Amino acid sequence: MTDAAARGAHRARYRRILSFAGREFLKIWWFELVLPRLGMSRVAERTRGPRMQTFARRFHTLAVELGGLMIKVGQFMSSRLDVLPPEITKELEGLQDEVPAVPTSAIRALAEAELGIPLERAYAWFDDTPVAAASLGQVHRARLSALDAADTGLEDVVVKVQRPGIDEIVAVDLAALRRVARWLTRVRLVADRVDAPALVEEFAETSREEIDYLHEAASAERFRENFADDPRVGMPEIVWERSTRRVLTLSDVTAIKINDTDALRAAGIDPAQVAEVFAEVMFDQVFTHSFVHADPHPGNIFVTPISSTDAAAGRFRLTFIDFGMMAEIPASLRDGLRTLLIAVTGRDSRGLVAAAQEIGVLLPSADTRELERALTALFARFGGMGFAELSKVDPREFRDFAEEFGDMVRSLPLQLPENMLLLIRAVSLTSGMCSGLDPAFNVWDAAEPYAGRLLRDESGNIVQAFASQAMDTMNTTWRLPKRIDDIITRVDDGTVSFDTSRLERRLDRLEGIARRIASGVLFAAMLIGGALLVPAVPPLGITLICVSALPLLHSLFAGVGRRGPR
């Protein structure tokens, strides 16, 4: 394709994306905003299902024909089994595997240009039939040469090669998304809550990283280090000698796709258990390692059966691939998410509001009294229900809740922080995957043990902080009499000629008071520390509580009967 033809194709692609978005925005405006105001809400409700199905079908066609970042958008929507209606998710689920393959001749030409040598020299064997065709690259099986196999300890590998011209396609898609984001800034309901241009720029940075395979390889190595001692998690090894920015060679870890429930059962693996372990591993990525696989769709996770006599190791491990899209969780966001998780699992509406403010979703200036009341009612009615239970609730009850609290929520100053885009994607994909593996999956059951562990960790931090502060206070207070003694000594050894007898008597009383204060602080520290330790270490906690009686007695009775003249 000539440069002029390529530019023309890119302009046509750009116009097609904008045309699709413009038509859909117009439909939403007409059916969801205009008709209800004209008293025709029933028309909007009656046609909503068919309209959603038509939208999904048209977007499906668009994404398959255009590829690029449009596939990523479709994959995101198809994973939201718990939120989006089946008219959309069912139509788009094929996008996980429906990306058309690039002709092998083009793949070979790009790979040889990147590696600098013919493929026959780079690999002992290279399969021209692709294993998978993704939105940004294509995967082929291969076998390392004898020399490379001896150096790496690997033989069978997969080679991931970028789609030719993907850099230009991503640039066009991002330009179109930037234009759509500018349109959204003119919609007040969206602009007040989301900085759409900033989110697109975050997505742009992520996309640029995703088409840099050296960056992906480094992320894979970091992920491997995080889970090096965890038998639940596996990942491929990188063959650095055969990897560049556009070609990535790694060990072949192909196994059962995580959403292939029939194959899982045939291997003796319970899909419900896979869902449970998958949720736990994703929680670990967020709260323990602060480094999250942000694209955990079914094509990127395998379930690898393992035979082990160690029952604790389980009968399978989750093998992650494709580390091009990773989410880094800042410490401030991680702390806010911890608070949020603890509040949600504890059905604590006030704590949930505080966590939302800490994360930045809810601005501190918001009047949260009505929101707390709404959340309390929501927890009282639906708290603890899994997706299967929620599906049995009368839809009219959901509608009543939406009508009662919808206006109130929309009036709040809500916003979507920039650094949460990839995290929300990861959570969305995880939620949809788990509910697909196990229709009775209950996110509360998965979150509550983790929240309990986080709460114990937080309690330990509080105990440490309190103990440190108490020790500092006791140290300062305990040194106070000695410092007073030093003052008296300096006065005695100096040339001051005034009478210090009354001052000395008062200093003696201050010294006694200081020692009693120190005893009181020591009593409080031992009593509180013991009470906090009783659930975790009962013998030590009870001992501290008992021994705390000694400083208490000293604080109460020290100096009794020794009061002298004032």
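## A look inside a predicted protein model

Let's start with Asp295, which sits in the loop between strand 7 (291-293) and strand 8 (301-305). Helices (H or I, at least four residues) and strands (E, at least two) are DSSP runs, numbered from the N terminus. This is a predicted model, where local features need pLDDT of at least 70 and side-chain atom pairs count only at pLDDT 80 or more, while totals for chains, interfaces and linings use all residues. Residues are numbered from 1 along each chain as its sequence is written, and side-chain values use heavy atoms, with hydrogens and water left out.

Is Asp295 buried or exposed? Asp295 counts as buried because its relative accessibility is 1%. Buried means under 20% relative accessible area, exposed over 50%, and partly exposed in between (1.4 Å probe, protein chains only). Leaving aside neighbours within four places in sequence, Asp295 is in contact with several residues, including Lys72, Glu210, Asp322 and Arg425. Contact here means heavy atoms within 4.5 Å.

Here are some buried residues to look up in the structure:

| Residue | Place | Relative accessible area |
|---|---|---|
| Leu62 | helix 2 (residues 41-66) | 3% |
| Gln285 | helix 13 | 0% |
| Ser290 | loop between helix 13 and strand 7 | 8% |
| Asp322 | loop between strand 9 (316-320) and strand 10 (326-328) | 15% |

Two of these rows have something else to show. Ser290 has a positive phi of about 60 degrees although it is not a glycine, and Asp322 has a positive phi of about 60 degrees without being a glycine. Gln285 touches Ser290, and also Phe223, Phe227, Phe291, Val292, His293 and Phe320, not counting residues up to four places away in sequence.

What about Leu62? Leu62 and Arg16 are 46 residues apart in sequence, yet 8.7 Å apart in space, C-alpha to C-alpha. Not counting residues up to four places away in sequence, Leu62 touches Arg16, Phe20 and Gly67.

Now for the greasy part. A nonpolar core is a set of buried Ala, Val, Leu, Ile, Met, Phe, Trp, Tyr and Cys residues joined through side-chain atoms within 4.5 Å. Which members of the largest nonpolar core touch the most other members? Of its 56 residues, they are Ile258, Val274, Phe278, Leu318 and Phe320. Helix 13 (residues 271-289) gives this core its largest share, ten residues. A second, separate core of 19 residues includes Ile107, Leu144, Leu154 and Val157.

There's also a hole to find. The structure holds one cavity of 30 Å³ or more, and the largest cavity has a volume of about 30 Å³. A cavity is a set of points on a 1 Å grid over the protein atoms alone where a 1.4 Å probe fits but cannot get out, and lining residues have an atom within 4 Å of a point. Grid points are joined across faces, edges and corners, and the volume is the space filled by probe spheres set on the points. Among the lining residues are Glu216, Ala220, Leu248, Leu250 and Asp322. Helix 11 (213-226) and strand 5 (247-251) each supply at least two residues of the lining.

Finally, the whole protein. It has 23 helices and ten strands, and 40% of its 566 residues count as buried. Among contacts between residues at least 6 apart in sequence, 69% join residues at least 24 apart.

Note on methods. 1 Å grid on protein atoms, 1.4 Å probe; cavity = no way out; pocket = protein on both sides within 12 Å on 5 of 7 lines; lining within 4 Å.
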